[in-house]
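Trainee: I should like to go through this model term by term and ask what justifies each label.

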Amino acid sequence: MLLTFEIPSDYIKGDIVYNISGYPSVLAEYPYLQLKPNSTLVLNKVGDDTFWETLQFINHNFTFWFKLFLTKIFFFLAHVRPYWSLAHNLNSIIILLPLYSMLLVAGVKGKLNNIISKILLIFVLCHVLIVGCSVVDWDGRFLMPIYPVLFLLLSFYWKKPQKLSIH
């Protein structure tokens, strides 16, 4: 499947949201949806092996790639876009910020130390890594499969600690 993607060319463009560079008017209004490298990027064309080209790009341009990676994850998890309505963006913040906070608290309190939580967390982390390594979508459809999983994980926030009995 990687052969059908052109991940290194997306990295070179610095697009955070998929194909944002194809919309100059949107990019002119929201220039932070595309990252520009601080220095010349090192590119190694190694044929048709997209996976190897991607690894080479990351290796030679790690700082730029890492900033791009973290920015994509931020836009993905925040689920806000400057070109969406204020009401939509506020709803995303109002719903997701408490959810992430409760998940963090549940993790710190050890409530996510069961096998179900670990499987669900792996699913979410894989999804986040995939989006961070590729691009964030325009309409948020990549976040929708994570919602049910996040709500299941959130149920562990209210889990009462079990008391040990010495009988």
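Mentor: The protein has seven helices and zero strands, and along the sequence its pattern reads α-α-α-α-α-α-α. The model is predicted, and for that reason local features need pLDDT of at least 70 and side-chain atom pairs count only at pLDDT 80 or more, while totals for chains, interfaces and linings use all residues. Residues are numbered from 1 along each chain as its sequence is written, and side-chain values use heavy atoms, with hydrogens and water left out.

Trainee: What makes a stretch count as a helix or a strand?

Mentor: Both are DSSP runs numbered from the N terminus: a helix is H or I over at least four residues, and a strand is E over at least two. Helix 5, residues 86-108, has 23 residues.

Trainee: How do you know that the span of helix 5 is close to the expected one?

Mentor: The expected span is 1.5 Å times one less than the number of residues. For helix 5 this expectation is 33 Å, and the helix reaches 32 Å from its first C-alpha to its last. Just after helix 5, Gly110 takes a positive phi of about 80°.

Trainee: Why is Thr54 called buried?

Mentor: Buried means under 20% relative accessible area, exposed means over 50%, and partly exposed lies in between (1.4 Å probe, protein chains only). Thr54 has 10% relative accessibility and therefore counts as buried. This residue lies in helix 3, residues 50-60. Leaving aside neighbours within four places in sequence, Thr54 is in contact (heavy atoms within 4.5 Å) with Ile7, Pro8 and Tyr11.

Trainee: Which residues of helix 5 are buried, and what covers them?

Mentor: The buried residues of helix 5 are Asn89, Ser92, Leu96, Leu99, Met102, Leu103 and Ala106. Their cover includes helix 4 (62-78) and helix 7 (146-154). Asn89 counts as buried because its relative accessibility is 12%. With neighbours within four places in sequence set aside, Asn89 is in contact with His79, Val80, Arg81 and Trp84. Under the same exclusion, Met102 is in contact with Leu154, Tyr157 and Trp158. Met102 and Tyr157 are 55 residues apart in sequence, yet their C-alpha atoms are 6.3 Å apart in space.

Trainee: His79 and Asn19 both have phi near 55°. Are they buried or partly exposed?

Mentor: His79 counts as buried, because its relative accessibility is 3%. Asn19 has a relative accessible area of 30% and is therefore partly exposed. His79 lies in the loop between helix 4 and helix 5, whereas Asn19 lies in the loop between helix 1 and helix 2. In each case the phi is a positive value in a residue other than glycine.

Trainee: Why is Leu129 called partly exposed?

Mentor: Leu129 has a relative accessible area of 44%, so the label is partly exposed. This residue is found in helix 6. Its C-alpha atom is separated by 9.7 Å from that of Lys72, 57 residues apart along the chain. For the protein as a whole, buried residues make up 38% of the 167 residues.

Trainee: What makes a set of residues a nonpolar core?

Mentor: Such a core is a set of buried Ala, Val, Leu, Ile, Met, Phe, Trp, Tyr and Cys residues joined through side-chain atoms within 4.5 Å. The largest has 37 residues, and those with the most contacts inside it are Tyr11, Leu33, Phe76 and Val124. Helix 4 gives the most to this core, with seven residues. Leaving aside neighbours within four places in sequence, the contacts of Leu33 include Ile16, Val17, Leu27, Phe75 and Tyr83.

Trainee: What makes the second largest pocket a pocket and not a cavity?

Mentor: On a 1 Å grid over the protein atoms alone, a cavity is a set of points where a 1.4 Å probe fits but cannot get out; a pocket is an open set with protein on both sides within 12 Å along at least five of seven lines. Lining residues have an atom within 4 Å of a point. The volume of the second largest pocket is about 190 Å³, taken as the space filled by probe spheres set on the points, which are joined across faces, edges and corners. Its lining includes Leu77, Tyr100, Gly107, Val124 and Leu150. Helix 5, helix 6 and helix 7 each give two or more residues to that lining.

Trainee: How do the lining residues of this pocket divide by kind?

Mentor: Ala, Val, Leu, Ile, Met, Phe, Trp, Tyr, Cys and Pro count as nonpolar, Asp, Glu, Lys and Arg as charged, and the others, Gly among them, as polar. The lining divides into 11 nonpolar, one polar and no charged.
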